[in-house]
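Biologist: I'm new to reading models like this one. Please pick the part where the strands pair, look at it closely with me, and then show me a packed pair of helices for contrast.

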Amino acid sequence: MRPPKAKSAAPRIAHYASARANQLALAAMRAEILGCVRCEALVRCRSRVVPGAGATPAAIAFVGLAPGRLGADRTGIPFTGDRSGVLLRRMIGHARLGRVFITNLVRCNPRDALGRNRDPAPDEIANCRPHLEAELALARPRIVACLGRVSWRAMAGPDVPFDPRARLTIERGGTILYAMYHPAYVNRGAYPLKTYARDFIRLRRLAAPRRRRLALDVAISCSGAAG
Ligand code: URA
């Protein structure tokens with residue numbers, strides 16, 4: 001009888017090598033972003049630069065507006081430390097979205113003369129665009145969920161209407177863009193929380209095509225039966 005074939009280690013080695021290369025690229029990109037001084041006004045008002053964070057590669061990337069004064073500008077992590085961050089992360093958990101990357105159009109907190117949050121100016125969004133593109137190139141998400149009208153316009157183009165109620169998706173260069181309200185809009189009571197939660201479930205369905213979802217559901221019910 002022939003001895004069983006030894007399993008090749010090549011795929012595992014290739015996997016670790018590519019994970020390591022990914023980590024190195026991520027660290028280099030972070031260093032470049034952290035040293036950015038492209039926007040004079042933002043360099044003056046930011047407490048820190050806030051690069052995107054999360055899984056690389058990612059299934060879904062969320063793109064918000066800019067770090068908030070009370071949140072990411074203090075913590076250094078997008079969508080943490082403020083009400084928008086709490087809601088976004090609660091929705092991600094509720095929909096059981098795995099492998100997400102979270103970032104913003106702009107990586108510094110924009111403030112007005114009174115020290116309040118303001119929207120980033122078009123030239124600030126444009127200056128930060130190469131950082132966003134670099135992050136998305138590393139995260140390679142299948143879906144980019146655009147949080148709010150400004151994010152949607154920047155990603156989809158100014159002529160595509162922003163209408164999350166229409167559950168709009170469009171495709172850009174092989175990536176699906178999904179229009180969603182910004183969590184701050186929901187926190188203001190302008191959009192029902194229940195409907196927002198459903199939008200995240202729909203996002204999960206988009207990220208996991210039907211065949212994979214069935215396999216996932218089977219795996220979940222089997223582990224439930226065993227435990
Ligand atoms: N925090 C972020 O990081 N981005 C936003 O758009 C809002 C809060």
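**Strand E6 and its partners**

Modeller: Let's start with one pair: Val144 has Leu177 as its bridge partner in E6. Before going on, remember that this is a predicted model, where local features need pLDDT of at least 70 and side-chain atom pairs count only at pLDDT 80 or more, while totals for chains, interfaces and linings use all residues. Residues are numbered from 1 along each chain as its sequence is written.

Strand E4 (residues 143-147) pairs with E6 (residues 175-180) in the parallel sense, over 5 bridges. Strands pair if DSSP finds at least two bridges between them; strands (E, at least two residues) and helices (H or I, at least four) are DSSP runs, numbered from the N terminus.

E6 also pairs with strand E5 (residues 169-172), this time in the antiparallel sense over 4 bridges. Here Arg172 is bridged to Thr175 of E6. The hairpin of E5 and E6 has 2 residues between the strands, and Gly173 takes a positive phi near 55 degrees there.

Now for the helices. The axes of H1 (residues 10-34) and H5 (residues 122-139) come within 11 Å and cross at roughly 170 degrees. Axes are lines fitted to C-alpha atoms, for helices over the stretch in contact, with angles from 0 to 180 degrees between N-to-C directions. That crossing makes H1 roughly antiparallel to H5 (under 35 degrees is roughly parallel, over 145 roughly antiparallel, 65 to 115 roughly perpendicular, the rest oblique).
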